[in-house]
Amino acid sequence: MNKQTEIKKELAQLPILEYAFLKPGEIIFSKEVRDLCEGNSCGMYHKSWACPPAVGSVESCMEKCYGYDQAMLFTTATAVASSFDMKGWMQARLEHEALTDQVAAVFRRYDKDALILSTEGCTVCKKCTYPDAPCRFPDRMYPATEGYGIMVMQMAPALNIRYNNGANTVTYFSMVLFNE
Ligand code: SF4
């Protein structure tokens with residue numbers, strides 16, 4: 001049984017909504033996505049080891065991704081009271097990050113150097129050490145896909161993954177890069 005078959009068996013036990021395997025060459029990088037980070041659209045620019053500029057240039061992020069031979073993109077979707085339900089959005093994100101920890105553990109059993117990318121910022125510590133001291137938990141610090149300049153919105157349809165799961169839901173994406 002190959003590695004992907006074993007991994008799929010383990011993923012089937014987790015509450016992932018949708019996932020797809022792809023080649024790192026299929027990842028769509030966009031400078032515009034990174035520009036949004038640099039415009040501080042989510043307020044995390046220069047505030048976390050998981051975000052720009054700490055993650056390096058888009059070119060170095062691309063190089064890192066291309067150093068792996070496989071990738072996997074997955075989603076969760078959670079109901080929220082409305083698009084203004086910030087508490088619901090945050091709770092959904094924390095649940096997504098907890099699932100991302102579980103997915104990371106699956107992949108890292110097969111490739112201890114698997115790279116995990118997730119949602120904006122990092123939710124692990126109450127206060128990030130950035131930029132005064134090294135990251136406290138580098139194994140649990142998952143850089144944001146946006147910070148890597150990855151255009152998840154454009155990638156999803158080609159992978160048969162829904163970017164939007166309907167009114168009053170929030171859909172989050174994470175990505176794993178690993179070597180077979
Ligand atoms: S794990 Fe803690 S120190 Fe590291 S990036 Fe996340 S919040 Fe910052």
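In what order do the four strands of the open sheet lie, and is the pairing parallel or antiparallel? The order is 1-2-4-3, and the pairing is antiparallel. Strands pair here if DSSP finds at least two bridges between them. The helices (H or I, at least four residues) and strands (E, at least two) are DSSP runs, numbered from the N terminus.

Before I go on, some notes on the model. This is a predicted model, in which local features need pLDDT of at least 70 and side-chain atom pairs count only at pLDDT 80 or more, while totals for chains, interfaces and linings use all residues. Residues are numbered from 1 along each chain as its sequence is written, and side-chain values use heavy atoms, with hydrogens and water left out.

Back to the sheet. Its edge strands are strand 1 (18–22) and strand 3 (115–117), each of which pairs on one side only. On average, neighbouring strands are turned by 15° against each other, direction ignored. For such angles, axes are lines fitted to C-alpha atoms, for helices over the stretch in contact, and angles run from 0 to 180 degrees between N-to-C directions. Strand 2 (residues 70–79) and strand 4 (residues 169–178) run antiparallel and are joined by 10 bridges. Met72 stands opposite Val176 in strand 4.

Next, the helices. The chain has five of them beside the four strands, and from the N terminus on the elements run α-β-α-α-β-α-β-α-β. The radius of gyration, taken over C-alpha atoms, is 16 Å, close to the 16 Å that the globule rule gives for 180 residues, so the chain is as compact as a globular protein of that length. That rule is 2.2 Å times the number of residues to the power 0.38.

Helix 1 (residues 3–11) lies across strand 1, strand 2 and strand 4, and runs at about 170° to strand 1. Helix 4 (residues 86–110) lies across strand 1, strand 2, strand 3 and strand 4, at about 20° to strand 4.

One residue of helix 4 is His96. Is His96 buried or exposed? Its relative accessible area is 1%, so His96 is buried; the cut-offs are under 20% for buried, over 50% for exposed and partly exposed in between, with a 1.4 Å probe and protein chains only. Leaving aside neighbours within four places in sequence, His96 is in contact (heavy atoms within 4.5 Å) with Phe74, Thr76, Ser118, Thr119, Tyr172, Phe173 and Ser174.

Last, the chain as a whole: 45% of its 180 residues count as buried. Its C-alpha trace spans about 45 × 40 × 30 Å along the principal axes.
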